[in-house]
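Trainee: Can you walk me through this one? I'm new to it.
Mentor: Sure. Open it up and we'll go piece by piece.

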Amino acid sequence: MIPKSPKKANLISIFSGENVPLARSELRAVLEGSDYSFEILREESRFSIVEVERFDDQLRRILGRLAYCRYTAIQLGIVPLRKLQTIAKIWRLEDSLSGMRTFSVRAYGFKGSPTGQSLEANVGKIILERFSHLKVDLTNPEVKVLALKMGEDLLIGYTINDQTKSTWHLRRPRKRVFFYPSAIFPKMARLMVNLSRIREGEVFLDPFVGTGSLTIEASLMGMYSVGIDVIRWICRGARYNLQDLNLSHCEVLNADSRNPPIRDVHCIATDFPYGRSTKTSNTDPRNLALEVIASSADLLRPGRCFVGMYPKEWGLTDSDFESFEEMERHEIPVHRSLTRVLSVMKRI
Ligand SMILES: C[S@@+](CC[C@H](N)C(=O)[O-])C[C@H]1O[C@@H](n2cnc3c(N)ncnc32)[C@H](O)[C@@H]1O
C-alpha cells in the first residue's frame, strides 16, 4: 500500500545475484533519469538502501522498470537481531499491513541456513500476534515482508515491486516470430535501455536493431522506439516482432546507421555487430562501431547517453569516442574466449 501523502522514504533494492555491480548501476541510472532526488545511503552485498525525497505511484512505476532488481521494498524500520520482538513496535507496520489480508516473510542474508527459515517463522509469528486479521500465504501473498540481515541488525521492509514475477521467458529470442541466433535476451536488453537514462515518452534508438530486442523493451517501458537495420528482411522481421507484442510507439527503418535517416533522439543503446552479424557491411566491425558512434553524436544533445556493447578484444578506450566521455564501463564474461564490454558514454 502506498502512503496517501507522498513523503520522504527509504527504499530497499534487492538485486538478483548474477551481476550486482550492473544491478547497482541500473538502479542509479534509472533514478538519475527521473525527476526524483535521491541519495544512496548504504550498499550491502545484495541490496542498497536509497533515500528518496518522496515516494508515489510514479516512482513505483519507474522502479518497476529495473531488470536486475528482484524486489523493491519500503523500509519500515531496523531492529536488533537479539530483540526480534521489537518488530511489533515499528509504527509504520500499521501503515503497510492494516489494509492487507495475506502476507509472507522472506529473510535475506542468512545463506539459506536454518536460522533464516526460523527467523522467517518468528517474524511471521510476531506479525500475526499484532495483526490478527492477517493470514500467511506463502504462494501468493498480498504483501511480502522482507527481513534483511545487516550486521547484528535486521532491516524490515515490505515489497512494492516484485520483479520475480516478470515475464522474461515469454519474450526470449526463440519465442519471437522472427528469430536469429545473435539476438540478445530481454533482461540484458532492458538493462541497456535503462543504463541510457531514458525517460518515459522520450525517443530511443537502436542503430543495429536485428530482431528488435532493445526496441521491444524500450517500447514496453513507455518510450517511443526507433530501430535501424541495413538488411531489409531483418527490418521486416523486427517489425513482425514488435507487432506480435502489440507495440505501437515504434518504428523500424531500413538504412545504414553510418548515415542515419533520423535527426534527433534522446538516447541510444546497441549491441554492436561482430562475427557473423557483420558480414553485410563489408567493413571491419570495430571501425563500423566507431563510425556509428561518431555519426550518432549529431543525433544526441549534450549530456545524453549512448550505451554500447562490444567485445573486449576491440580494446576501445575513452579516446576512441570523440564527442563522448565514458561514464561507466562493465565487463561481462560470456565464455572463455569472449568478454563483452558494456560502455555508457555521455555526449559532451
Ligand atoms: C548483433 S545484430 C543485432 C542483434 C540485436 N541486438 C538483437 O537482439 O536482435 C547486428 C545487426 O546489425 C545489422 N547491421 C550490420 N551493419 C549495419 C549497418 N551498417 N547499419 C545498420 N545495421 C547494420 C545487421 O544486419 C544485424 O541485424
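**Helices, sheets and a ligand**

Mentor: Helices α1 and α5 (residues 186-195) pack at an angle of about 45°, and their axes are 8 Å apart. Because of that, α1 is oblique to α5. Oblique covers what is left after the other classes: under 35 degrees is roughly parallel, over 145 roughly antiparallel, and 65 to 115 roughly perpendicular.
Trainee: Which residues of α1 and α5 make the contact?
Mentor: Leu22, Ser25, Glu26, Ala29 and Val30 of α1 meet Leu191, Asn194 and Leu195 of α5. Contact means that C-beta atoms, placed from the backbone, lie within 7 Å. By class, the contact of α1 with α5 has five nonpolar, two polar and one charged residues. Nonpolar means Ala, Val, Leu, Ile, Met, Phe, Trp, Tyr, Cys and Pro; charged means Asp, Glu, Lys and Arg; the others, Gly among them, are polar.
Trainee: Is this a predicted model? How do you number and filter things?
Mentor: Residues are numbered from 1 along each chain as its sequence is written. The model is predicted, so local features need pLDDT of at least 70 and side-chain atom pairs count only at pLDDT 80 or more, while totals for chains, interfaces and linings use all residues.
Trainee: And where do the helix and strand names come from?
Mentor: They are DSSP runs, numbered from the N terminus: helices are H or I with at least four residues, strands are E with at least two.
Trainee: Back to α5. At what angle does α5 cross α6?
Mentor: The axes of α5 and α6 (residues 213-220) cross at roughly 65° and come within 8 Å. That makes α5 roughly perpendicular to α6. Axes here are lines fitted to C-alpha atoms, for helices over the stretch in contact, and angles run from 0 to 180 degrees between N-to-C directions.
Trainee: Which residues of α5 and α6 meet?
Mentor: Pro186, Ala189, Arg190, Met192 and Val193 in α5 meet Ser213, Leu214, Glu217 and Ala218 in α6. That contact has six nonpolar, one polar and two charged residues.
Trainee: New topic. What is the strand order in the eight-stranded sheet?
Mentor: It is an open sheet, β2-β3-β1-β4-β8-β7-β5-β6, with mixed pairing. Strands pair if DSSP finds at least two bridges between them. At the edges are β2 (38-43) and β6 (135-136), each paired on one side only.
Trainee: How does β2 run against β3?
Mentor: Antiparallel, with five bridges joining β2 to β3 (residues 47-52). Arg42 has Ile49 of β3 as its bridge partner.
Trainee: Which strands does α1 lie across?
Mentor: Helix α1 (residues 20-32) lies across β1 (9-15), β2, β3 and β4 (69-80), at about 145° to β1. Helix α4 (residues 114-130) lies across β5 (102-108), β6 and β7 (143-150), at about 145° to β5.
Trainee: What about the sheet of seven strands? What is its order?
Mentor: That open sheet runs β11-β10-β9-β12-β13-β15-β14, with mixed pairing. Its edge strands are β11 (250-254) and β14 (324-335). On average, neighbouring strands of this sheet are turned by 20° against each other, direction ignored.
Trainee: How many bridges join β9 to β10?
Mentor: Four, and β9 (residues 203-206) runs parallel to β10 (residues 224-229). Val203 stands opposite Tyr224 in β10.
Trainee: Last one. How many residues surround the ligand?
Mentor: 22, and the closest are Ala183, Phe208, Gly210, Thr211 and Ser213. To be near, a residue needs its C-beta atom, placed from the backbone, within 6 Å. The shell divides into nine nonpolar, nine polar and four charged residues.

Terms used. Two residues are in contact if their C-beta atoms, placed from the backbone, lie within 7 Å.
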